[in-house]
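Here are some short exercises to work through with the coordinates open beside you. Try each task before you read its solution.

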Amino acid sequence: MAKYIKPDRSSWTHDQLEHELENSMKLYRTAMKQYMDDQSTITAQEDIIKRLKEDAERLVESVIAEFRGKDRVPHFECQLCENSFSESLETVTHDADCPITLHTQLMNELGEK
Ligand SMILES: [Zn+2]
């Protein structure tokens, strides 16, 4: 990495210094505008991700069906993969290629970033 050598500005004229300051301020304003635009984009994307998660939770609830057998005990099953009957909503399992499994993997991947 190249070592930064501070320029000797002691012999610069007032106009040269002013010109250097203007250029530095332009660079600063451009960088700040880019930073603000990036922050705005990140905030908008975070909002979309939050809404996607909420939407996915609603979808999961809508594809889990409740059945009651002769014993009147409720059982739950995913209507997309019909993997298994479960005795509670929270313990329903899904096939590896079920859209719910794929979505969960995607959300976990997102959580790692
Ligand atoms: Zn499933």
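**Exercise 1. Find the element that holds Glu57, and decide whether Glu57 is buried or exposed.**

Solution. Step one is to locate the residue in this predicted model: Glu57 belongs to helix α1. Step two is to count neighbours: Glu57 has 11 C-beta neighbours inside 10 Å. Step three is to apply the cut-off, under which 12 or fewer means exposed. Glu57 therefore counts as exposed. As a last step, look across the chain: Ile100 is 43 residues from Glu57 in sequence, while their C-alpha atoms are 9.7 Å apart in space.

**Exercise 2. Compare the end-to-end reach of helix α1 with its expected value, and do the comparison again for α2.**

Solution. Begin with α1, which covers residues 14-63 and has 50 residues. From its first C-alpha to its last it reaches 73 Å, close to the expected 74 Å at 1.5 Å a residue. Now take α2, residues 99-112, with 14 residues. Its reach is 20 Å, close to the 20 Å expected. Next, check how each helix is covered. α1 is hardly covered, with a buried count of zero. α2 is hardly covered too, and its buried count is one. Finish with confidence: among the elements of the chain, α1 has the highest mean pLDDT, 93, and α2 the lowest, 85.

**Exercise 3. Describe how β1 and β2 are paired, and name the bridge partner of Ile64.**

Solution. First, set the limits: β1 runs over 64-68 and β2 over 74-78. Second, read the sense of the pairing, which is antiparallel over five bridges. Third, pick out individual partners. Ile64 has Cys78 as its bridge partner in β2, and Phe67 stands opposite His75. Fourth, note the connection: the two strands form a hairpin with five residues between them. Last, check the cover of β1, where the count of buried residues among its five is zero.

**Exercise 4. Which residue in the hairpin turn has a positive phi, and is this residue buried or exposed?**

Solution. The residue to find is Arg72, in the loop between β1 and β2. Its phi is about 65°, although Arg72 is not a glycine. For exposure, count again: Arg72 has 6 C-beta neighbours inside 10 Å, and so counts as exposed.

**Exercise 5. Place Ser86 in the chain and list the residues that it touches, leaving out those up to four places away in sequence.**

Solution. Start with the location, which is the loop between β2 and α2. Then count: 16 other C-beta atoms lie within 10 Å, so Ser86 is partly exposed. The contacts of Ser86 are His75, Phe76, Thr91, Val92 and Thr93. To link this with Exercise 3, turn to Phe67: its C-alpha atom is separated from that of Ser86 by 9.8 Å, with their positions 19 residues apart along the chain.

**Exercise 6. Work out the order of the elements in the chain, and explain why the chain is more spread out than a compact globule.**

Solution. Count the elements first: there are two helices and two strands. From the N terminus on, they run α-β-β-α. The radius of gyration is 29 Å, well over the 13 Å that the globule rule gives for 113 residues, so the chain is more spread out than a compact globule. Next, add the box: along the principal axes, the C-alpha atoms fill roughly 95 × 30 × 20 Å. Then look at burial, where buried residues make up 4% of the 113 residues. For contacts between residues at least 6 apart in sequence, 13% join residues at least 24 apart. Close with overall confidence: the mean pLDDT is 89, and 99% of the residues reach 70 or more.

Key
Residues are numbered from 1 along each chain as its sequence is written. This is a predicted model: local features need pLDDT of at least 70, side-chain atom pairs count only at pLDDT 80 or more; totals for chains, interfaces and linings use all residues. The expected span of a helix is 1.5 Å times one less than its number of residues. A residue is buried if 20 or more other C-beta atoms lie within 10 Å of its own, exposed if 12 or fewer, and partly exposed in between; C-beta atoms are placed from the backbone. The radius of gyration is taken over C-alpha atoms; the globule rule is 2.2 Å times the number of residues to the power 0.38. Two residues are in contact if their C-beta atoms, placed from the backbone, lie within 7 Å. Two strands pair if DSSP finds at least two bridges between them. pLDDT is the predictor's confidence in each residue, from 0 to 100.
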